[in-house]
Amino acid sequence: RLQCNDPNAPPCPVDPATSQFGYLSIRRKFTNKTGSSVTRLRFHIADITTLGSPGGGVGSGQADLRALTSSQITVLVNGTPTTVEGTTLEQPPTQTLGGGLNSSMSVGTITFATPLPNGQSVNVQFMFGVQQGGRFRVFVNVEALP
């Protein structure tokens, strides 16, 4: 977990309604092995510990995470600058408290005009606001469209 005042962290969400205790940044690399170009890469949140999730609530020991839009960043991987694409929390509906169960996030740089070719990879950042610390789970389904 990164704190909002960490100088080594990417830009921090400033909305106390979604990230009262900072945020959690998860980065993953996805490789297109579909056999054709991918024109849309989306991630559907199938499970997450968040406001109102089973077993949650104040004092439960379960985290309250909120999916947020993240921006593109550059990180060092073995000393080499590497681009990590941000994800956009899809709307409507407007999700002023951040995304939860059944929300989706997409990679805006993968489009019809700029597809992800077969065999190529993209590094992606998922950002979650932390409203309550504790144990957490996040399960995301990957959706790739030709």
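Asn-78 is found in the loop between β4 and β5. In this predicted model, Asn-78 has a positive phi of about 50°, although the residue is not a glycine. With a relative accessibility of 82%, Asn-78 counts as exposed, because the cut-off for that class is over 50%. The strands on either side of this loop, β4 and β5, form a hairpin with two residues between them, and Asn-78 belongs to the turn.

The hairpin itself can be followed along its two strands. Strand β4 covers residues 73-77 and strand β5 covers residues 80-84; the two run antiparallel and are joined by five bridges. Within this ladder, Leu-76 has Pro-81 of β5 as its bridge partner. Ile-73 also has its place in strand β4. Eleven residues separate Ile-73 from Val-84 in sequence, yet their C-alpha atoms are 5.3 Å apart in space. Ile-73 has a relative accessibility of 11% and therefore counts as buried, the limit being under 20%.

A second residue with a positive phi appears in another loop. Asn-102 lies in the loop between β6 and β7. The phi of Asn-102 is near 70°, again a positive value in a residue other than glycine. Asn-102 is exposed, with a relative accessible area of 53%.

The strands that flank this second loop lead to an open sheet. Four strands make up this sheet, in the order β6-β7-β2-β9, and their pairing is antiparallel. Its edges are formed by β6 (88-89) and β9 (138-145), each of which pairs on one side only. Inside the sheet, β2 runs antiparallel to strand β7 (residues 104-106), and three bridges join the two. Across this pairing, His-44 stands opposite Ser-104 in β7.

Another open sheet has three strands, in the order β1-β8-β3, also with antiparallel pairing. Here β1 and β3 are the edge strands, since each pairs on one side only. On average, neighbouring strands of this sheet are turned by 30° against each other, direction ignored. Nine bridges join β1 to β8, and these two strands run antiparallel. One place to locate this pairing is Ser-25, which stands opposite Met-127 in β8.Aromatic residues also connect strands of the model. A pair of aromatic rings is described by the distance of the centres and the angle of the planes. The count comes to three aromatic pairs. In one of them, Phe-30 and Phe-43 are tilted, at 5.0 Å centre to centre with 45° between the planes. Phe-30 lies in strand β1 (residues 23-31) and Phe-43 in strand β2, so this pair ties together parts that are 13 residues apart in sequence. Phe-43 is buried, with a relative accessible area of 0%. Phe-30 also pairs with Phe-126, in an edge-to-face arrangement with 6.4 Å between the centres and 90° between the planes. Because Phe-30 lies in strand β1 and Phe-126 in strand β8, the pair links parts that are 96 residues apart in sequence. Phe-126 is buried as well, with a relative accessible area of 6%. Phe-30, Phe-43 and Phe-126 form one aromatic cluster.

The largest nonpolar core of the model holds 19 residues, of which Leu-65, Met-105, Ile-110 and Phe-128 touch the most other members. The elements that give two or more residues to this core are β2 (40-48), β3 (64-68) and β8 (121-132). The largest share, five residues, comes from β8. What does Leu-65 touch, leaving aside residues up to four places away in sequence? Its contacts include Leu-24, Ile-48, Phe-128, Val-130, Phe-136 and Val-138. Thr-49, Thr-50, Gly-99 and Gly-129 are also among the residues that Leu-65 touches.

The final residue to consider is Arg-66, which lies in strand β3. Is Arg-66 buried or exposed? Its relative accessibility is 6%, so Arg-66 counts as buried, a class that requires a value under 20%. The side chains of Arg-66 and Asp-64 are joined by a polar contact of 2.8 Å. Beyond residues up to four places away in sequence, Arg-66 touches Ala-17, Thr-18, Thr-50 and Leu-51, among others. The contacts of Arg-66 also include Leu-97, Gly-98 and Gly-99, as well as Met-127, Phe-128, Gly-129 and Gln-131.

Methods
Residues are numbered from 1 along each chain as its sequence is written. This is a predicted model: local features need pLDDT of at least 70, side-chain atom pairs count only at pLDDT 80 or more; totals for chains, interfaces and linings use all residues. Side-chain values use heavy atoms; hydrogens and water are left out. A nonpolar core is a set of buried Ala, Val, Leu, Ile, Met, Phe, Trp, Tyr and Cys residues joined through side-chain atoms within 4.5 Å. Buried means under 20% relative accessible area, exposed over 50%, partly exposed in between (1.4 Å probe, protein chains only). Contact means heavy atoms within 4.5 Å. Two strands pair if DSSP finds at least two bridges between them. A polar contact is a pair of N or O atoms within 3.5 Å; within protein, one must be able to donate a hydrogen and the other to accept it, and residues adjacent in sequence count only if both atoms are side-chain atoms. Rings of Phe, Tyr and Trp (its six-membered ring) pair if their centres lie within 6.5 Å; planes under 30 degrees apart count as stacked, over 60 as edge-to-face and the rest as tilted. Axes are lines fitted to C-alpha atoms, for helices over the stretch in contact, and angles run from 0 to 180 degrees between N-to-C directions.
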